[in-house]
Amino acid sequence: MSVSRRTLLTTAAGAAVAVSASTSTAGPAAADQASATRTLRQAADYAVAKLRAVAPGVTAFPVGTKFEKWTYSQNGDWVGGFWPGQLWLAWLHSGEEQFKNLALASAEKLAPRRTDTGTHDLGFLFYPSWVTAWRLTGDDKWKDGAVQAASSLIKRYNPAGKFIRAWGALDDPKNAGRVIMDTMMNLDLLAFASRQTGDPQYLDIAVAHAKTAQRYFPRPDGSTPHVFDFDPVTGAPVGPNTVQGYSPASCWSRGQAWGVYGFTTIHRRTGDPEFLATARRLADFALSRLTSDHVPVWDYLAPQAPDDVKDASAGVIMACGLLDLAELTHRPHYRESALRILTAVSRTCLTTKSTRAEASVARCTRNRPNEDGVEVSLPYADYYLLEGILRVLDRPKVDRAIDLSSV
């Protein structure tokens, strides 16, 4: 069922949102807006209170929960940037100096990863940690370190296929032609490096990769596979694949969310209207697949969808991209959809009923095919929940941290 033909009714979380996604004039009543605002503020306060209680005892990088307690990586794995990122957002929301101090100490632990050429995830690692540290403190060591990380990232660029390879050491032939949707979210580190150095090569590579992804990932209906493979020598396309989705023909919801947010961001950095059009296609498909509870299923096209396990992280990531889309396209239904997702997650997916939980957001799924982290808590869900809520409550604060400007 397409978004343009479906009316989204009252959510399971209790928000009255009888809004047609095909119109740009309809909107929630003032009372519902006030209720949603209260819900979001309470959720942000809850997330900050959770960090206040848990963060002083955290000495490594949370990667996911087991029995509601964080498990850790010493080097940050691919998610290390989200912990200091959360702490920065908590500092902006609360003004409590301890969060700033904890964010700086956590970000410092990522310093060895600046020269890591074995992963595409340097944007995830260094944008919410080091770029944000520079934007909020003005200390150039953070900017210089982020640029160094960007220099490591562009070594993964394959000029034959015009893509950044996702996984594996540079001298490892395995996965040498593998591209994943997630990389769209690492490109903003390259845009940052070009702005700071005046060297266009970083942004040029980001744009080339985005154009390749734009050409090969979206299907006619706006859905995407998690993976697309290329011949690493010739750059010729091989075909779609998946690792975390159900199949090469399915649509892993978090990958779709990375695409919505990532294509919107590269549009903001370049002004290229095709990137914005791609972001809209991906968003429209995802919104057409949301059920009345407004929390994404882990894969929109898995056989059991929509009656399958959830991934709240996909929802809050997509909500951030939708808020950008609303501003850039002047179409309020994207903002209304983002608010519905954020309020639904805030009302139905937080850990408020648990006395054990160390995270804020539950009902996230990391890798369903491997039965790895099914409906657990994940650090990026906590991060993007706070980012999305603060974008709604106080956009200038988030802009201070992550740069919401457009060319």
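**Exercise 1. Two helices side by side**

Is the crossing of α2 and α3 left-handed or right-handed? Work out how the two helices run relative to each other as well, and list what they touch with.

*Solution.* Keep in mind that you're looking at a predicted model.

- Step 1: find the helices. α2 covers residues 82–94 and α3 covers residues 97–108.
- Step 2: get the geometry. They pack at an angle of about 160°, and their axes are 8 Å apart.
- Step 3: turn the angle into a word. Angles over 145 degrees count as roughly antiparallel, and α2 and α3 are therefore roughly antiparallel to each other.
- Step 4: give the hand. The crossing of α2 and α3 is left-handed.
- Step 5: look at the side chains. From α2 come W83, P84, L87, W88, A90, W91 and S94; they meet E97, F99, K100, L102, A103, L104, S106 and A107 of α3. Sorted by type, the residues of this contact are 11 nonpolar, 2 polar and 2 charged.

**Exercise 2. Building the sheet**

In what order do the strands of the open sheet of 3 strands come, and which are the edge strands? Then trace the pairs around F228.

*Solution.*

- Step 1: the order is β7-β8-β9, and the pairing is antiparallel.
- Step 2: the edge strands are β7 and β9 (237–241), since each pairs on one side only. On average, neighbouring strands in this sheet are turned by 25° against each other, direction ignored.
- Step 3: count the bridges. β7 and β8 pair over 3 of them, while 4 bridges join β8 (residues 227–230) to β9.
- Step 4: follow F228. On the β7 side, V179 stands opposite F228; in β9, the bridge partner of F228 is P240. A little further along β8, D229 stands opposite G239 of β9.
- Step 5: check the faces. In a regular strand the side chains alternate between the two faces of the sheet. In β8, V227 and D229 sit on one side, F228 and F230 on the other, and all are buried, so both faces of β8 are covered.
- Step 6: go round the turn. The hairpin of β8 and β9 has 6 residues between the strands, and G235 there takes a positive phi near 80°.

**Exercise 3. A helix under cover**

How many residues of α6 are buried, and what covers them?

*Solution.*

- Step 1: α6 spans residues 187–197, and 8 of its 11 residues are buried.
- Step 2: name them. They are L187, D188, L189, L190, A191, F192, A193 and S194.
- Step 3: look for the cover. It includes α4 (122–137), α5 (140–153), β6, α7 (201–216) and α8 (253–270).
- Step 4: see what comes next. α6 is followed by G198, which has a positive phi near 80°.

**Exercise 4. Odd backbone spots**

Where do K162, N175 and P306 lie? Say what is unusual about each backbone.

*Solution.*

- Step 1: recall the background. Most residues other than glycine have a negative phi, and most peptide bonds are trans.
- Step 2: K162 is in the loop between β5 (157–158) and β6 (163–164). Its phi is near 55°, a positive value in a residue other than glycine. At 47% relative accessibility, K162 counts as partly exposed.
- Step 3: N175 lies in the loop between β6 and β7 (178–180). Though not a glycine, N175 has a positive phi of about 65°. With 25% relative accessibility, N175 counts as partly exposed too.
- Step 4: P306 is in the loop between α9 (273–289) and α10 (312–329). A cis peptide bond joins A305 and P306, with omega about 5°.

**Exercise 5. A loop residue with distant partners**

Is V309 buried or exposed? Find its contacts beyond the local stretch of chain.

*Solution.*

- Step 1: V309 lies in the loop between α9 and α10.
- Step 2: the cut-off for buried is under 20% relative accessible area. V309 has 18% relative accessibility and therefore counts as buried.
- Step 3: leave aside neighbours within four places in sequence. V309 is then in contact with V297, W298, T365, R368, V374 and E375.
- Step 4: pick E375 from that list. V309 and E375 are 66 residues apart in sequence, yet their C-alpha atoms are 6.9 Å apart in space.

How values were computed. Residues are numbered from 1 along each chain as its sequence is written. This is a predicted model: local features need pLDDT of at least 70, side-chain atom pairs count only at pLDDT 80 or more; totals for chains, interfaces and linings use all residues. Side-chain values use heavy atoms; hydrogens and water are left out. Axes are lines fitted to C-alpha atoms, for helices over the stretch in contact, and angles run from 0 to 180 degrees between N-to-C directions. Angles under 35 degrees count as roughly parallel, over 145 as roughly antiparallel, 65 to 115 as roughly perpendicular and the rest as oblique. A crossing is left-handed if the near helix is turned anticlockwise from the far one by less than a right angle, and right-handed if clockwise. Contact means heavy atoms within 4.5 Å. Ala, Val, Leu, Ile, Met, Phe, Trp, Tyr, Cys and Pro count as nonpolar, Asp, Glu, Lys and Arg as charged, and the others, Gly among them, as polar. Buried means under 20% relative accessible area, exposed over 50%, partly exposed in between (1.4 Å probe, protein chains only). Two strands pair if DSSP finds at least two bridges between them.
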